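The following note sets out some points for a colleague who is reviewing this model. It turns to the nucleic acid contacts and then to internal space.

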Protein chains: 2
Amino acid sequence: MDYKAILTQNGYRLSQPRKQVIELLQTSEVALSPQQIHQALQQKNCELGLVSVYRTLELLTELGLVSVVYDPQRNPGYMLSTVGHLHHIVCQECHKAIEFSASNDIDQLVQRVEQETSFQVLDHFLQLFGLCPDCHQKQIAGE
Amino acid sequence: MDYKAILTQNGYRLSQPRKQVIELLQTSEVALSPQQIHQALQQKNCELGLVSVYRTLELLTELGLVSVVYDPQRNPGYMLSTVGHLHHIVCQECHKAIEFSASNDIDQLVQRVEQETSFQVLDHFLQLFGLCPDCHQKQIAGE
DNA sequence: CTCTAATTGAAAATCTTTTTCAATAAGGAC
DNA sequence: GTCCTTATTGAAAAAGATTTTCAATTAGAG
Ligand SMILES: [Mn+2]
Ligand SMILES: [Mn+2]
Ligand SMILES: [Zn+2]
Ligand SMILES: [Zn+2]
């Protein structure tokens, strides 16, 4: 995903903090909190303020480059997102998250709920929780 | 819903703060934040600490009497819940929220995602957003 | 290379939530 | 109803998270 192009096309500069946050997120299979991102970058000797992490995440979310993914205790974290509207399934053990699409199934549900409730449905939030293949295996092996 | 019975059956007392929070939530069509609950009760001359609001909400959530419902900006709020596993649809204008059930539709989706991702799905979070009948009408009238 | 405006970072301000602990009150026993 | 025990409360402090401010820095256009 060409984040550089997306930033410049929208009139934003590719600053060091932005580059560093994005490159860190590219290596992470789990959603990270602002603090986790800040700490991880400190340890890699990237000097940047926590404030910039917040600002960068806000911008990237706005641009659709980053999605908010909740951990099993419902704490929000941030992950790079591929383009388009997707949902996440999160491992309750290791917090690894991957995307899935659900348009068709959701459309059907939305139509039914609109009839039942008389609400007009415009948006939705869906996330699944469970065990990733690795953690599932470990659980079977352990018991 | 007999919250009094549920509290005592689980060994909890029916204290004034608990009674006041529950009775306030019974009158609200929108999910309220701890601060909103505190302020609303202050104005009704119920003297109780914000700390007790937090503690009460935590307990009631644990007992399943209260659900967390997110507003359109994803700020969490609290609402009384009817028994059983239900989801909420929230009005983007007035934040009014009502419950709906989705078991069948979700089961189907879960099965597909399990096949596609090899994750084992154990839990899910789903919320819809849109316009309640009133706000939908107003929008049509206004334009 | 120069210049300028966007961006950053340190500090302070602002919120939100949790912890502590002495005072209070709910509810069972009598 | 009164007494007693202990769960519960509230004020204050601590801890944590996020936002605001503003002077210093730097990305990128010219
Ligand atoms: Mn969707
Ligand atoms: Mn469900
Ligand atoms: Zn896992
Ligand atoms: Zn509405």
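Which atom of DNA strand C is 3.0 Å from a polar backbone atom of Gly49(A)?

1. The model is a predicted one. In it, the partner of the polar backbone atom of Gly49(A) is a phosphate oxygen of DNA strand C, at 3.0 Å. Glu47(A) also places a backbone N or O atom by a phosphate oxygen of this strand, at 3.4 Å. From Arg18(A), by contrast, it is the side chain that contributes, with an N or O atom 2.8 Å from a phosphate oxygen of DNA strand C.

2. Two or more residues of the surface near DNA strand C come from each of these elements: helix H2 (16-26) of chain A, helix H4 (50-62) of chain A and helix H4 (50-62) of chain B.

3. There are 19 residues around DNA strand C, and the nearest are Ser15(A), Ser52(A) and Arg55(A), along with Leu14(B) and Tyr54(B). Of the strand's atoms within 4 Å of the protein, 65% belong to sugar and phosphate. The surface near the strand comprises 7 nonpolar, 6 polar and 6 charged residues.

4. As to internal space, 1 cavity of 30 Å³ or more is found. The largest cavity holds about 40 Å³. Its lining consists of Asp105, Ile106, Leu109 and Leu126 from chain A and Asp105, Ile106, Leu109 and Leu126 from chain B.

5. Helix H5 (103-117) of chain A and helix H5 (103-117) of chain B each give at least two residues to the lining of the largest cavity. By class, that lining has 6 nonpolar residues, 2 charged and no polar.

Terms used: Residues are numbered from 1 along each chain as its sequence is written. Chains are lettered from A and ligands numbered from 1 in the order in which they are written. This is a predicted model: local features need pLDDT of at least 70, side-chain atom pairs count only at pLDDT 80 or more; totals for chains, interfaces and linings use all residues. Side-chain values use heavy atoms; hydrogens and water are left out. A residue is near a molecule or strand if one of its heavy atoms lies within 4 Å of it. A polar contact is a pair of N or O atoms within 3.5 Å; within protein, one must be able to donate a hydrogen and the other to accept it, and residues adjacent in sequence count only if both atoms are side-chain atoms. Helices (H or I, at least four residues) and strands (E, at least two) are DSSP runs, numbered from the N terminus. Ala, Val, Leu, Ile, Met, Phe, Trp, Tyr, Cys and Pro count as nonpolar, Asp, Glu, Lys and Arg as charged, and the others, Gly among them, as polar. On a 1 Å grid over the protein atoms alone, a cavity is a set of points where a 1.4 Å probe fits but cannot get out, and a pocket is an open set with protein on both sides within 12 Å along at least five of seven lines; lining residues have an atom within 4 Å of a point. Grid points are joined across faces, edges and corners, and a volume is the space filled by probe spheres set on the points.
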